[in-house]
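Here is a walk through one protein model, starting from its inside and working outwards. Have the structure open as you read.

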Amino acid sequence: MGSKNKGRTMMEVGADGVAVITIINPPINSLSLDVLQSLKESYDEALRRDDVKAVVVTGANGKFSGGFDITAFGGIQKGKVEQPKPGYISVEVLTDTLEAARKPSVAAIDGLALGGGLEVAMVCHARISTPTAQLGLPELQLGIIPGFGGTQRLPRLVGLTKSLEMMLTSKSVKGEEALGLGLVDAVVSSHELVNTARRWALDILARRKPWVASLYKTDKIESLGEAREILNFARAQARKQAPNLKHPLVCIDVIEEGIVAGPKAALWKEAEAFQGLLKSDTCKSLIHIFFAQRGTSKVPGITDRGLVPRRVKKVAILGGGLMGSGIATALILSNYTVILKEVNEKFLEAGIGRVKANLQSRVKKGKMTQEKFEKTISLLRGVLDYESFRDVDMVIEAVIENVSLKQQIFADLEKYCPPHCILASNTSTIDLNLIGERTKSQDRIIGAHFFSPAHVMPLLEIVRTNQTSPQIIVDLLDVGKKIKKTPIVVGNCTGFAVNRMFFPYTQAGLFLVERGTDVYQIDQVITKFGMPMGPFRLADLVGFGVAIATGMQFVENFPERTYKSMLIPIMQDDKRAGETTRKGFYLYDNKRKASPDPRLKMYIEKARSFSGVAVDPKFVKLSEKDIVEMIFFPVVNEACRVFAEGIAVKAADLDIAAVMGMGFPPYRGGIMFWADSLGSKYIYSRMEEWSNMYGGFFKPCAFLAERAAKGAPLSAPVELGKSRL
């Protein structure tokens, strides 16, 4: 199982004749197979004993249960853990033992009842919850469906429409809302919870409260015709929103089976579908991402030293542009006091205006009350000088990418900020050693690279140099966590992890276009693969100015493997800069809707004449598979370099960087995980073939060649001694 100490349940029988069965498996009382087995034994005992009249099920330490133990999935997938026979838990334990028991049971829910946890609660004959408890079935996030009867009981308790929404979006509800939906029967404070549940159980026994088996409730289920309409609408939505995913459709089919063939038959179908999905590539990928995301904050040699993060109370931000204002928004939303510095009144006003607009959009969407808005914005203060920097705990510089300007700023910061202050830069490309060259504080200098828009995008790249002190890294990891970002710690190099891995993404696109592949077809194929947008729509979004500036960084630093195309500069010379000018690779209307531009051909022909490249019929008719591979294999190749150089500590960090920084589809497991599903040998042979035909842009790096020769996975750990960290 996942934990060294086996999970279990404990039973105590009170003088009132109520047996309280408590789930114990810290930290979130997950339902390992041990726990489920123990739950069955406790139940059997409660049913045998004459002094037990009724049962209450609850969880230790204020948490009911966070669901099935996900660490066990990996073991089952690899065949290391024996899987119970299909339907054993769902039918034999939960339905035939707990729900069909001759003694009533009540679930007392505090903290969490998610996934299998909620499924156990729904088997009880009533549910009492605290107002803030979270209840939900988030299994679809892991590529599976609820496997302990959730697909049948949730619709019967809350109705089809709401249950589909909860399952397909993995959204949980709080106790108060659950009461309104009929998912729980009463809401009480946590210190009254167990006693209320005990009384409720005795009331069911005395028939003062209804004795309900959720599986057979019918009052919330629509007529067959109406139910089919709802389910078909849900299918159409699922196909539209996630065309590459099968498991949402499987979930809908299993729900439908319950309505057509009856709930008991559907439990067997659910169990069978669950087993099948558990072995799917989608499930393996999503479970890999689940653990990879939780592993990014563990950094060998840094987070294992016992260092305690220092408290950061006040943060100063330099620059109120798009990035600076986004970072300020993220910080005040998490209750940090923030000082925003600009060079003049006009810029300062604009910067504070942007933060206000970010918060206002939350108010409009109903995610924030006006009162909370006032309270949050009061944490922000604008300034024009360094006077109020004397007591800040951290500074984040977010000015334009100009080396001498940044050097001057860091020299000033050293004078005004206290000696414990973290000095961070949000640079996306400039070497941090260069930025801190004029200071004596290089142990305090660190990169805090946010992605735009900073208050929305979930990734934070923490960039350390050889001189950054471990304490500063631990401090920033803590801030990252508090502002709800997933932090990855990377080494210092051009482009760090995300931008460096993905610099060949657009370049590979340009390579194909100059040889005759259609721009719009490339974007379409890449979006179909699962990216939020293809390389050209992305170039329009970030703007050609940024695209050229970052492109230049890579030309300077990696000349032997950059594909140099004049297409973007030619378009920029003709006053096209992407979405902001309403024309780039696409044309944009005033609602930012993109449409193809027939004039693009003219620019492409001009770019070809610069490159000396002719249209190749093979590229005009390139298959979808070839487009995906020619765009992504150069990205994999660069990811291999980043890993081999020790810029990233582990391959899983690069998977998270790709998913959260670039929108690589999580159901493919991230860039390295996906590459390993194709095999190092295959990727190497394709790259080698292209490199012989088209030159250095495709040349496989030494690491890729080495792994391919051994037939080894790309994500296997790098031998020590190579890491740049």
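## The cores

In the largest nonpolar core, which counts 100 residues, the members that touch the most others are Phe389, Leu413, Phe585, Phe632 and Ile671. Helix α26 (residues 624-644) gives this core its largest share, twelve residues. Apart from it there is another core, with 73 residues, among them Ala19, Ala46, Ala121 and Val254. A nonpolar core here is a set of buried Ala, Val, Leu, Ile, Met, Phe, Trp, Tyr and Cys residues joined through side-chain atoms within 4.5 Å. As for burial, buried means under 20% relative accessible area, exposed means over 50%, and partly exposed is in between (1.4 Å probe, protein chains only).

What does Phe389 touch, if you skip residues up to four places away in sequence? The list runs Ala316, Leu318, Ile339, Lys341, Val383, Val395, Leu413, Tyr416, Cys417 and Pro418. Contact means heavy atoms within 4.5 Å.

A word on where this comes from: it's a predicted model, where local features need pLDDT of at least 70 and side-chain atom pairs count only at pLDDT 80 or more, while totals for chains, interfaces and linings use all residues. Residues are numbered from 1 along each chain as its sequence is written, and side-chain values use heavy atoms, with hydrogens and water left out.

## The chain as a whole

Zooming out, the protein chain has 30 helices and 19 strands. Both are DSSP runs numbered from the N terminus: helices are H or I with at least four residues, strands are E with at least two. The C-alpha atoms fill a box of roughly 85 × 65 × 55 Å along the principal axes. The radius of gyration is 28 Å, which agrees with the value near 27 Å for a compact globule of 725 residues. That radius is taken over C-alpha atoms, and the globule rule is 2.2 Å times the number of residues to the power 0.38.

Of the 725 residues in the protein chain, 57% are buried. Take the contacts between residues at least 6 apart in sequence, and 74% of them join residues at least 24 apart. On the outside, the protein chain exposes about 30,700 Å², and carbon and sulfur atoms supply 54% of that. Accessible areas come from the Shrake-Rupley method with a 1.4 Å probe; for residues, only the protein chains shown count as cover.

Then there are the charges: 94 positive and 77 negative, with mean positions 1 Å apart. Lys and Arg count as positive and Asp and Glu as negative, with His and the chain ends not counted. Each charge is placed at NZ of Lys, CZ of Arg, CG of Asp or CD of Glu.

## Backbone oddities in loops

Some backbone angles deserve a look.

| Feature | Angle |
|---|---|
| Pro26 to Pro27, cis peptide bond | omega near 5° |
| Ser452 to Pro453, cis peptide bond | omega near -10° |
| Arg207, positive phi | phi near 65° |
| Asn335, positive phi | phi about 70° |

Pro26 sits in the loop between β2 and α1, and Pro27 is in the loop between β2 (18-24) and α1 (33-48). Is Pro26 buried or exposed? Pro26 is exposed, at 60% relative accessible area. Pro26 and Asn61 are 35 residues apart in sequence but 8.5 Å apart in space, C-alpha to C-alpha. The other cis proline, Pro453, lies in the loop between β15 (445-450) and β16 (459-464).

Neither positive-phi residue is a glycine. Arg207 is in the loop between α8 (193-205) and α9 (224-241) and is exposed, at 61% relative accessible area. Asn335 belongs to the loop between α13 (322-333) and β11 (337-341), and is exposed too, at 56%.

## Two helix residues

Leu333 is in helix α13 and is partly exposed, with a relative accessible area of 23%. Not counting residues up to four places away in sequence, Leu333 touches Leu359, Arg362, Met368 and Thr376. Leu231 is 102 residues from Leu333 in sequence and 38 Å from it in space, C-alpha to C-alpha.

Lys356 lies in helix α14 (residues 345-364). At 39% relative accessibility, Lys356 counts as partly exposed. Leaving aside neighbours within four places in sequence, Lys356 is in contact with Phe373 and Ile377. Lys356 and Thr429 are 73 residues apart in sequence and 28 Å apart in space, C-alpha to C-alpha.
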